[in-house]
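Student: Please take me through this structure by question and answer. Keep it to what the coordinates support.

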Amino acid sequence: MAYETLIVETRGPVGLITLNRPKQLNALSDQLMSDLAAAVETFEADETVGALVVTGSEKAFAAGADVKEMARYSYIDVYKGNFITRNWERIARCRKPVIAAVSGFALGGGCELAMMCDIILAAENAKFGQPEINLGLIPGAGGTQRLTRVVGKSKAMEMVLTGRQMDAQEAERSGLVSRIVPTAELVDEAVKVAERIAKLSQPVVLMAKEAVNRAYETTLEEGIRFERRLFHSTFAAEDQKEGMAAFAEKRQPDFKHR
């Protein structure tokens, strides 16, 4: 399927989605986010794809939501149209692992989009921020919630209240990104990580992602109980038997995703 605002391709077991509005620094228009939701939906339904990568250009992952588009909206427009919830959240609901490969600006909605993904790899030139306050807005796609959970109240409060940007080095120290990668190697490294994940047992990978996400949504006691039940359930999977047999026999496992 061809998309107006994305470049979508498959690299082996990895679905690669590139935001493609270069003149607008990949500003996240409603069309782009609907295209992104559709691409994620397609890859999630494809059993040959085990993980996704979302990236932008070297200059900008996404410089924010499309301000020119938003400027004409009224309260009734955004409320009745279910703005953001209707299409943005699809990537956060993706059961397969999603890696954000961030180069250049990831501001406002761009930062929020990256945080909806499961792993963020940052190029050396990456810059993260929530500058909505300068437009008379607050973050509306999870910026006040996901950012606070990751970097803590004080740093999140400063970024949200002042619009200060965070460079890649600070983002790594703060736990916002997994690690920093040379800019020229960013997409290839993200695909390599996704390939490694995609070669593992898909149902077990889904369980592992679900368990980690649960840590942000419940108490430690309930989270441990949830993890334990999923752990027990892996013993019913054919891939668990194959993985342990391969270990004992000193060979690579041949997972069947069952």
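**Pockets, sheets and unusual residues**

Tutor: The lining of the second largest pocket divides into 17 nonpolar, four polar and two charged residues. The model is a predicted one.

Student: Which residues are the closest to the centre of the second largest pocket?

Tutor: This pocket holds about 500 Å³ of space. It is lined by 23 residues, and the closest to its centre are A65, M70, E132, L137 and I138.

Student: Which elements give two or more residues to the lining of the second largest pocket?

Tutor: Elements are counted here if they give two or more residues to that lining. Those that do are α2 (67-70) and α4.

Student: What is the volume of the largest pocket, and which residues are the closest to its centre?

Tutor: The volume of the largest pocket is about 1,100 Å³. Its lining has 35 residues, and the closest to the centre are M116, C117, D118, N213 and Y216.

Student: Which element supplies the largest share of the lining of the largest pocket?

Tutor: Elements that each supply at least two residues are α4 (109-116), β7 (119-123), α5 (143-151) and α9 (202-214). The largest share is nine residues, and it comes from α9.

Student: How many residues in the lining of the largest pocket are charged?

Tutor: By class, 21 residues of this lining are nonpolar and five are polar. The charged residues number nine.

Student: Which strands stand at the edges of the sheet of six strands, and why is one side of each left without a neighbour?

Tutor: The sheet is open, with mixed pairing and the order β1-β2-β3-β5-β7-β10. Each edge strand has a single partner strand, so one side of it has no neighbour in the sheet. The edge strands are β1 (6-11) and β10 (179-181).

Student: By what angle are neighbouring strands of this sheet turned against each other on average?

Tutor: Direction is ignored in this angle. On average, neighbouring strands of the sheet of six are turned against each other by 25°.

Student: Which helix packs on the sheet and touches β1, β2 and β3?

Tutor: The strands touched include β2 (14-19). The direction of the helix makes about 15° with that of β1. The helix spans residues 30-45 and is α1.

Student: Do β1 and β2 pair in the parallel or the antiparallel sense, and which residue in the turn has a positive phi?

Tutor: Six bridges join β1 and β2, and the sense is antiparallel. T10 stands opposite G15 in β2. The two strands form a hairpin with two residues between them, and the turn residue with a positive phi of about 60° is G12.

Student: Which residue in β5 stands opposite T55?

Tutor: Strand β3 (residues 51-55) pairs with strand β5 (residues 98-102) in the parallel sense, over four bridges. Opposite T55 in β5 stands A101.

Student: Which are the edge strands of the sheet of four strands?

Tutor: This open sheet has the order β4-β6-β8-β9, with mixed pairing. Each edge strand pairs on one side only, and the two are β4 (60-62) and β9 (166-167).

Student: Which residue in β6 is the bridge partner of A60?

Tutor: Two bridges link β4 and strand β6 (residues 105-107) in the parallel sense. The bridge partner of A60 in β6 is F105.

Student: At what angle to β6 does α4 run?

Tutor: α4 lies across β4, β6 and β8 (127-129). Relative to β6, it runs at about 90°.

Student: Is L25 buried, partly exposed or exposed?

Tutor: Most residues other than glycine have a negative phi. L25 is not a glycine, yet its phi is positive, about 55°. L25 is found in the loop between β2 and α1. Its relative accessible area is 27%, so L25 is partly exposed.

Student: Is K250 buried or exposed?

Tutor: K250 lies in the segment after α11 (238-248). Its phi is positive, about 55°, although K250 is not a glycine. The relative accessible area of K250 is 78%, which is over the 50% cut-off, so K250 is exposed.

Student: What distance separates the C-alpha atoms of G175 and E242?

Tutor: G175 lies in the loop between α7 (168-173) and β10, and at 45% relative accessibility it counts as partly exposed. Along the chain, G175 and E242 are 67 residues apart. Their C-alpha atoms are separated by 34 Å.

Definitions and conventions
Residues are numbered from 1 along each chain as its sequence is written. This is a predicted model: local features need pLDDT of at least 70, side-chain atom pairs count only at pLDDT 80 or more; totals for chains, interfaces and linings use all residues. Side-chain values use heavy atoms; hydrogens and water are left out. Two strands pair if DSSP finds at least two bridges between them. Axes are lines fitted to C-alpha atoms, for helices over the stretch in contact, and angles run from 0 to 180 degrees between N-to-C directions. Contact means heavy atoms within 4.5 Å. On a 1 Å grid over the protein atoms alone, a cavity is a set of points where a 1.4 Å probe fits but cannot get out, and a pocket is an open set with protein on both sides within 12 Å along at least five of seven lines; lining residues have an atom within 4 Å of a point. Grid points are joined across faces, edges and corners, and a volume is the space filled by probe spheres set on the points. Ala, Val, Leu, Ile, Met, Phe, Trp, Tyr, Cys and Pro count as nonpolar, Asp, Glu, Lys and Arg as charged, and the others, Gly among them, as polar. Buried means under 20% relative accessible area, exposed over 50%, partly exposed in between (1.4 Å probe, protein chains only).
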